[in-house]
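Hi everyone, thanks for making time for this. I'd like to walk you through a structure that may be new to you, one region at a time. Let me put it up on the screen.

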Amino acid sequence: MNAPLSHSPAVRTTCPYCGVGCGVLAAPDGTGGAAISGDPEHPANFGRLCSKGSALGETLSLDQRLLHPMMRRTDGTLARVSFADALDRVGKGLRDIVDRHGPSAVAFYLSGQLLTEDYYVANKLMKGFIGSANVDTNSRLCMSSSVAGHKRAFGADTVPGTYRDLDQADLIVLVGSNTAWCHPILFQRMVAARRERGTKLVVIDPRRTATANEADLFLPIAPGMDTALFSGLLSHLADTRAPNYTYIERHTKGFVEALARAREIAADSSAAARIAGLKEADVAQFFKLFARTERVVTCYSQGVNQSAQGTDKVNAIINVHLATGRIGRPGMGPFSLTGQPNAMGGREVGGLANQLAAHMGFAPADRDRVRRFWSAPNMAEAEGLKAVDMFEAVDRGAIKALWVMGTNPAVSMPRAGAVRAALRKLDLFVVSDNVLNTDTIEAGAHILFPAAAWGEKDGTITNSERRISRQRAFLPLPGETRPDWWIISQVARRLGFAAAFNYDHPADVFREHAALSAFENHGERDFDIGALAELSNDAYQDLNSVMWPVQGKARGDKRFFAAGGFFTEDRRGQFVAPQPPALRDATNAVYPLRLNTGRVRDQWHTMTRTGKSPRLAAHTAEPFVEINPADAKTVGVSHDGHAKVTTRHGTTILKVVVAAGQRRGSIFAPIHWSDATATDARVGEMATAHYDPHSGQPEAKATPARVEPIKFAYRGFALTRRPIALPAGTWFARQAVSGGAGLLFATSEPPAVWREIAQELMPADADIAEYVDERRGLTRIAAFRAGRLDGCLFVGPADTLPSWDVVRGLFEADKIEERDRRILLSGSASDGTAETGPIVCACFGVGLPAIREAIAKGEAATVAEIGKKLRAGTNCGSCIPELRAILGRVAEPA
Ligand code: SF4
């Protein structure tokens, strides 16, 4: 357990968000907070942090934390119980269900947010001791198609290259990846390479994203058609004698069959352009560039993986690198960018239902090896259920006990509404989490375990380039929170497996994990960190980041496959002939558009951590749907209005963003909002559950959908220092604000009703100011107390929304002057107050109005000049693509 820490020097740890895996220095302030900066010595980021990483210090409060074990009473409410009682109940519940229904009636659903040590213990308990392989993870939704593609091509889930390849490439191709927003520090590395060595950037995406705005060539591909483009590229390479036949003959197999299939799918640039909905000249330019550039890295992410044909897409990309021998050498290779901080660590320990442990599978020899290593009494005999099938098994009653750890499937799973309903059928529903107010807990969890959060827990994670880094504790464990590995081990002891789960420290778990990776591994398995199996606790504490494999005394950043040595039986890399691209669900008159889902720059997953930061909240305040102007006109929605978005699976109500960069026929909606943060905005609810046959990864990018206008007569906002509830039927989005909370809302209730609501919101001893204009339908009420704005509520006609940013600024101020009171009720910055938002640069809080003003006044005409004038874009660089877009100079050099 962690000893309390206070006023300690900076602790070296790792960011808990994306798969870049940036090193962080956290200096605790002794009051539960910490100053955060980038670790200049960490090779993933060399001191830089993006907007999310920089704001980590704003997310450490214990607000909404789950601090004690809880159990649901018969009246449906949750009540605190002792840890021993909660552990006993879970142990007994699992034992009873296994005894009555067998081990396949229980399942764990894990998270890419867990540390490797947590993952290892959960996987070991289920697959070796309970006897089921029903362990899956939200990483299934993130990168399992990459895993399946790697295994088909390489014989193992091996990432061949390293981040240094991005510095050394002459061409970087980004496929289905809004890297500028989702992996910002890596993207800045790419931009630096372009500046320093002229690296060309090609972006392939249905949507013109912030990343696409930086590209030398942007290919706005039709949804789902990546395989056609890369098949056309393979055909083109063959026609122009670009393949490296020496490499193909020495180190691979299946080239002839893969090329024949590629020619069937797209024989040349013309066919590829036609199928992929692209201009032939653009495709020809891309093919030519790829063919003539030796140092090419092709990065791909969720736009490739989250597809019912995701694995074939991955293999179509790998095929062109195998064909050119551009793999495992400096500046070359296919590169899967993982979304989550520890998706890779989960893969290493077998956190997916179709893996065993240490990159072993369910072949008899692997099962036997792991059984002997663990002395496991009940080894799972076959693969378990992957995420979509797992929740369907819950729905039909085949799974009766589920333990969810560190994730929120009631929001993030496709058809999330059906998942939520299924969870209510469980006999035993256990959740381990940091926070109390998740939609998954609301779905009826019976027992809650308070898990340690980032800053409190201690272990390792692995980033996209196979680099293992320590996440170190720098805060004491609050309340009764405990690390996940400890909670799982305690349950294992209650199931009768004490000897095998006798861990006292995360280093105990790590040593065992490292030893298993080397156990009977004579070079047949890629994942080997055996050299770390003897680390002392002190050495584990001090461990610098290290890239695997770590064998013997060898340290250093290894690339794979430059000279073959694949992990297939004959050690040859396998070309794969992909299926022709086709989207499973057709659009039709009822659902004429395709819903693409994804992320915004400054939020992470379901916002349980990033949602606490006012700075991050200011970038994108409300859940939205992005739509092309022509489609917006057709369906009758307008920018800044509201729309109802419907698929066969669910409905949301979202703000409308009309954007020319959105492809015609497609719409985009971010995944972050839940019932805890907005009304009717759970986008996962609308996504289809169709999945890839090889990886089980669901199609999150192409669900047929329709968009309809929805009118609210009034809009408004409330800023309060106490939690408030708005009347049923009000559409709202919650936003973090310094010193309180903000609610942006839309309503059809008239202002008179809101005046009554406002009376209830305002404290009795407050000085109330009110501005009512009955004719225009305006109501603005503000409460002042102790010299500051204590709360306010503004409502007005939907087309005359008062300035939220100005009022929020006054709410966040320590003191409010008389002049500010007048400005406040005017709801406008027209009388001199600087309007701050929406925020573009989260690091320095620079808003769009200030940037526009600097440009209009001729004070800034380039990104560099904006930086000089306002500091925007001079820290993490995440906002540079937006600055460029604002300047309207897409191709301007940084
Ligand atoms: Fe964290 Fe940003 Fe680095 Fe990702 S890029 S690990 S979110 S700081």
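Let's start with one residue, Glu774, which you'll find in the loop between S30 and S31. One thing to say early: what you see is a predicted model. Is Glu774 buried or exposed? With a relative accessibility of 62%, Glu774 counts as exposed, because the cut-off for that class is over 50%. In space, Glu774 has Ala752 at 8.8 Å, C-alpha to C-alpha, and the two are 22 residues apart in sequence.

Now follow the chain on either side of that loop. Strand S30 covers residues 767-773, and 7 bridges join it to S31 in an antiparallel arrangement. If you want one pair to look for, take Glu770, whose bridge partner in S31 is Ile781. The two strands make a hairpin with 4 residues between them, and there Gly777 takes a positive phi near 75 degrees.

Strand S31 itself spans residues 778-785, and 7 of its 8 residues are buried, so the strand is largely enclosed by the rest of the structure. S31 also pairs with strand S32, residues 788-797, again in the antiparallel sense and over 7 bridges. Here the pair to look for is Phe784, which stands opposite Leu789 in S32. What joins these two strands? S31 and S32 form a hairpin with 2 residues between them, and Ala786 in that turn has a positive phi of about 50 degrees. While we're looking at strands, here is a general point: in a regular strand, the side chains alternate between the two faces of the sheet.

Let's move to another sheet. This one is open, has 3 strands in the order S17-S18-S19, and its pairing is antiparallel. Which strands stand at the edges? They are S17, residues 459-462, and S19, residues 546-547; each has a single partner strand, so one side of each is left without a neighbour in the sheet. S18, residues 467-471, pairs with S19 over 2 bridges in the antiparallel sense. To find that pairing on the screen, look for Arg467, whose bridge partner in S19 is Met547.

Next, the aromatic rings. How many aromatic pairs does the structure hold? The count is 30. One of them is Phe501 with Tyr503, an edge-to-face pair at 6.2 Å centre to centre, with 85 degrees between the planes. Both Phe501 and Tyr503 are buried. Compare the rings of Phe560 and Phe561: their centres are 5.6 Å apart and their planes are at 50 degrees, so this pair is tilted. Phe560 is buried, with a relative accessible area of 5%, and Phe561 is buried as well, with 3%.

Phe560 and Phe561 also belong to an aromatic cluster, together with Phe154, Phe527, Trp548, Phe566 and Phe567. Charges come into the picture here too. Lys558 lies over the face of Phe560, at 5.1 Å from the ring centre. Elsewhere, the charged end of Arg482 sits over the ring of Trp486, 5.6 Å from its centre.

On to the ligand. The residues around it include Cys15, Cys18, Cys22 and Cys50, along with Tyr17, Lys52 and Pro184. Two elements give two or more residues to this shell: helix H1, residues 51-54, and helix H7, residues 184-197. By class, the shell has 9 nonpolar, 2 polar and 1 charged residues.

I'll finish with two residues that have distant parts of the sequence around them. Gln574 is found in strand S20, and at 25% relative accessibility it counts as partly exposed. Gln574 lies 8.0 Å from Phe255, C-alpha to C-alpha, with their positions 319 residues apart in sequence. Beyond its close sequence neighbours, up to four places away, Gln574 touches Arg152, Ala153, Lys253, Gly254 and Leu322.

The other residue is Leu583, in the loop between strand S20, residues 573-574, and strand S21, residues 593-598. Leu583 is partly exposed, with a relative accessible area of 25%. Leu583 and Ser307 are 276 residues apart in sequence, yet 9.0 Å apart in space, C-alpha to C-alpha. Leaving aside neighbours within four places in sequence, Leu583 has contacts with Pro223, Gly224, Arg594, Glu699 and Ala702.

That's the tour, and thank you for listening!

Methods. Residues numbered from 1 in each chain as written. Predicted model: local features only at pLDDT ≥ 70, side-chain atom pairs only at ≥ 80, totals over all residues. Heavy atoms only, no water. Pairing = 2+ DSSP bridges. Near = heavy atom within 4 Å. Nonpolar A, V, L, I, M, F, W, Y, C, P; charged D, E, K, R; others polar. Phe/Tyr/Trp six-rings, centres within 6.5 Å; stacked < 30°, edge-to-face > 60°. Buried < 20%, exposed > 50% of the residue type's maximum accessible area, 1.4 Å probe, protein only. Lys NZ or Arg CZ within 6 Å of the ring centre and 35° of its normal. Contact = heavy atoms within 4.5 Å.
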